[in-house]
Amino acid sequence: MAEQKKYRLRCTECGAVITDFKAWFEHGQSCPECHCKQAEIEYTADYAKLPELFKGKPESFWHYFDFLPLMDRENIVSCGEGAIPLERWEFLERFANDNGISDCKIYVYRNDLNGGTNTFKDIAASMAASIFKENGVKRYCIASTGNTATAYGKYLAMAGISAAIFMPDNAVPSSIAEIASYGQKVYHVSGDYSDAKAVAAAYAQKYGIPTSAGNIDPIRVESKRTMVFEWLRQLGTMPDVYVQAVSGGTGPLALDKAYRELEPHMPGLTYPRPILIQTDKCDPMVQGWEKAVKNGFPEGFEKDYPVIKNPQTMVSILGTGNPGTYPKIARIMKQRNGNFLRVKEDCLADVARIVAFERKTHVGPASAVCIAGLMKAVMQHEIKNGQTVLVNMGEGIKRAPWFLDMLGHHISEVRSVEECHVPELGETREELCKALDKNI
Ligand SMILES: Cc1ncc(COP(=O)(O)O)c(C=O)c1O
Ligand SMILES: [Zn+2]
């Protein structure tokens, strides 16, 4: 094949150019010069044409094909992911108003509406399967806490690619079953996510099978950055604030890549203030950040964060106790005046009840973390009057059916009609919010 001219990878460490993904895989997904595992993709497409695409109505993130590292549309493996309408959640705006913040607009980007497996991860899995198909990758392996595993399991199977998937002890059984049902091999590793990653890395080495480079993997970052295109398409401008539950940090890395890529072509483009959320049961980034704030961001602050071994969190998706990406993310957060917030796991069922009551929809636990974080940000006045907030929410309830069992309330055990009365419809938002207030 003649050398393609559409895109190239550039090593983030030494600046070396890697011509395409074929070469990237041939070099073991690392820079041929300095062996760095991180590369960013550059495109030859004309960015003046990007606003044209903002006028269209996407069926998937492949709408942005000219700005994605795939040569032939024939290789696209897709279930209609990454084309999600932003929803304005007015009950959250009222909550902000009740907390003294007026006129803010709160938009929710619901990744549970993605067509593949209803999470954040469908876009990356679609792009991975398509790139592997185009470049003749037949086998793959990956370690994941759950959502990446499920998405890659499905999309790679769609492309006829066999995957070995390594999941930690606390992976959700229904996710394991779902992946296996697509014909993929699951290795349930006794240990936490770090242990699963170690076994996957050894397996990749032993059998010479490519594996994911984790949160910095160019496939993951590059696909995910299209969410920013979508916000610009739908809002016409960047939001003022960006809220996300964070585990390994592909989201903030992708936001950063998109901004650096677009800003030279869109003068005046603003950077949303990032607010990243973890729970009290697995909060290494929050702890590292709080220490840095307390000490006035000393030299090397970004390297100082704890490792939480075997985090006892019920949100297994967010169970990255040893976030190797923290130094990169912490630097971005400092540069962009961001903040990390911690929420209590005890509040998650209440948050999900409020969402169910107000929106008649169920969020998964990692999404509840994100909404709880938004509420905390409101209560702490991290959000200002008149701002536009983008809440990037990860998953629906299908990914964690056990969480639905926790949402029941107002249930009475009875033996006869004498014990019943004629009810009103549920509790009010105010009552639910009050219960939450103390516990967030
Ligand atoms: C539902 C959900 N929310 C949040 C996250 C955190 O994403 P990130 O990779 O940006 O930390 C993930 C992925 O780990 C996820 O699946
Ligand atoms: Zn290099």
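In the predicted model, the centres of domain 1 and domain 2, taken over C-alpha atoms, are separated by 30 Å. Domain 1 covers residues 1-44, whereas domain 2 is made up of two segments, 87-116 and 219-406.

The largest nonpolar core contains 121 residues. Those with the most contacts inside this core are A128, V243, V369, C370, I371, L374 and V391. Helix α14 supplies the largest share of the core, ten residues. Because domain 1 and domain 2 both give residues to the core, the core lies between them. In soluble globular proteins, nonpolar side chains tend to be buried together. For A128, the contacts beyond its neighbours within four places in sequence are with Y152, Y155 and I219.

Helix α14 spans residues 365-379. The expected span of its 15 residues, at 1.5 Å a residue, is 21 Å, and the end C-alpha atoms are 21 Å apart, so the two values agree. The helix is mostly covered, with 14 of its 15 residues buried. Just after α14, H381 adopts a positive phi of about 55°.

Ligand 1 is surrounded by 16 residues, of which N147, T250, G251, A366 and G394 come nearest. Classified by type, this shell comprises five nonpolar, nine polar and two charged residues.

Terms used:
Residues are numbered from 1 along each chain as its sequence is written. Chains are lettered from A and ligands numbered from 1 in the order in which they are written. This is a predicted model: local features need pLDDT of at least 70, side-chain atom pairs count only at pLDDT 80 or more; totals for chains, interfaces and linings use all residues. Helices (H or I, at least four residues) and strands (E, at least two) are DSSP runs, numbered from the N terminus. The expected span of a helix is 1.5 Å times one less than its number of residues. A residue is buried if 20 or more other C-beta atoms lie within 10 Å of its own, exposed if 12 or fewer, and partly exposed in between; C-beta atoms are placed from the backbone. Domain bounds come from an automatic or database domain assignment. A nonpolar core is a set of buried Ala, Val, Leu, Ile, Met, Phe, Trp, Tyr and Cys residues joined through C-beta atoms within 7 Å. Two residues are in contact if their C-beta atoms, placed from the backbone, lie within 7 Å. A residue is near a molecule or strand if its C-beta atom, placed from the backbone, lies within 6 Å of it. Ala, Val, Leu, Ile, Met, Phe, Trp, Tyr, Cys and Pro count as nonpolar, Asp, Glu, Lys and Arg as charged, and the others, Gly among them, as polar.
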